[in-house]
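Here's a walk through one protein model, from the fold down to a couple of single residues. Keep the structure open beside you as you read.

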Amino acid sequence: MSRRKPPDSPLFPLHPVVPDFALELAAKRDGFWPVAGADEVGRGPLAGPVVAAAVILDPDAVPDGLNDSKLLSAEQREALFDRIMATATVSIASSSARHIDATDILKASLDAMRRAICGLATATRFVLIDGRDVPQGLSCHAKAIVKGDSRSVSIAAASIVAKVTRDRMMARADATFPAYGFALHAGYATAKHRTAIDSHGPCSLHRMTFRPFRQV
């Protein structure tokens, strides 16, 4: 049986894609400044809020190591969170499980992102948004960037702030609902979480329009 060998292309080395400030500077050249990045965390879990953050970085104090929050360790995210909060303009908003059930996860996510952007202490002229959708009701120009958290340091910073904030919220929720292990899985559908749901039923933080709840 023949085996396919990996391609040998020394002229085209694979470099990891890391975010930079190019998209922000392009907006500035077009006359839009300041520029914010926005991202959300928590669309997939069975429990807890979806959390959005908007960040305006100081171009003279961009923290080193910014990247998609999913590619960073918890320790790296915590350290970067502190640096972002100390040097940038930040706004955070969330939509609860009840809000998600009353609308849907996309609408609740975009609403949290809109509120985060509108809540910035310094009004942004342009916002770079991770994903394919732009929230309605913004008073600034906006552009959706697919995989934006790996292309823009502002979006990467927003993804870190949103992720750390949500993880902390779910860790606090663990003290109120210790049976579910929220501090360990942040509400995602792990085997331990599903077993706890089978044993104890859902709590007020669970999204009842998500499977497996909506089947019941």
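The protein chain has seven helices and five strands; both are DSSP runs, helices being H or I over at least four residues and strands E over at least two, numbered from the N terminus. Keep in mind that this is a predicted model, where local features need pLDDT of at least 70, side-chain atom pairs count only at pLDDT 80 or more, and totals for chains, interfaces and linings use all residues. Residues are numbered from 1 along each chain as its sequence is written, and side-chain values use heavy atoms, with hydrogens and water left out.

Going along the sequence, you meet the elements in the pattern α-β-β-α-β-α-α-β-β-α-α-α. The C-alpha trace spans about 60 × 55 × 30 Å along its principal axes. Of the 216 residues in the chain, 45% are buried, meaning under 20% relative accessible area (exposed is over 50%, partly exposed in between, with a 1.4 Å probe and protein chains only). Take the contacts (heavy atoms within 4.5 Å) between residues at least 6 apart in sequence: 64% of them join residues at least 24 apart.

**The sheet**

The five strands form an open sheet in the order β3-β2-β1-β4-β5, with mixed pairing. Two strands count as paired if DSSP finds at least two bridges between them. At the edges sit β3 (89–95) and β5 (141–145), each pairing on one side only. On average, neighbouring strands are turned by 20° against each other, direction ignored; the axes behind such angles are lines fitted to C-alpha atoms, for helices over the stretch in contact, and angles run from 0 to 180 degrees between N-to-C directions.

Strands of a sheet pair through backbone hydrogen bonds, either parallel or antiparallel. Here are three of the pairings, each with one residue pair to look up:

| Strands | Sense | Bridges | Example pair |
|---|---|---|---|
| β1 and β2 | antiparallel | five | D39 and A53 |
| β1 and β4 | parallel | four | A38 and I129 |
| β4 and β5 | parallel | five | I129 and A144 |

Helix α1 (residues 22–29) packs on this sheet, touching β1, β4 (126–130) and β5, and its direction makes about 150° with that of β4.

β4 itself is mostly covered, with five of its five residues buried. In a regular strand the side chains alternate between the two faces of the sheet. Try it on β4: F126, L128 and D130 point one way, while V127 and I129 point the other.

**Two pockets**

Where is there empty space? Rolling a probe the size of a water molecule over the atoms shows where it is left. A pocket here is an open set of points on a 1 Å grid over the protein atoms alone, where a 1.4 Å probe fits, with protein on both sides within 12 Å along at least five of seven lines; lining residues have an atom within 4 Å of a point.

The largest pocket holds about 210 Å³ of space, a volume being the space filled by probe spheres set on the points, which are joined across faces, edges and corners. Its lining has 13 residues, and E40, R43, D130, G131 and R132 are the closest to its centre. By class, the lining has three nonpolar, one polar and nine charged residues. For the classes, Ala, Val, Leu, Ile, Met, Phe, Trp, Tyr, Cys and Pro count as nonpolar, Asp, Glu, Lys and Arg as charged, and the others, Gly among them, as polar.

The second largest pocket holds about 170 Å³. It is lined by 13 residues, with D39, E40, V41, S69 and K70 the closest to its centre. β1 gives the most to this lining, with three residues, and α5 (153–176) supplies at least two. The class split is two nonpolar, three polar and eight charged.

**Two buried residues**

Is N67, in the loop between β2 and α2 (74–87), buried or exposed? N67 counts as buried because its relative accessible area is 14%. Leaving aside neighbours within four places in sequence, N67 is in contact with V18, P19, L72, D149, A156, S159 and I160.

S91 belongs to strand β3 and is buried too, with a relative accessible area of 7%. Not counting residues up to four places away in sequence, S91 touches A52, A53, A54, R115, A116, G119 and L120. S91 and A158 are 67 residues apart in sequence, yet 9.0 Å apart in space, C-alpha to C-alpha.
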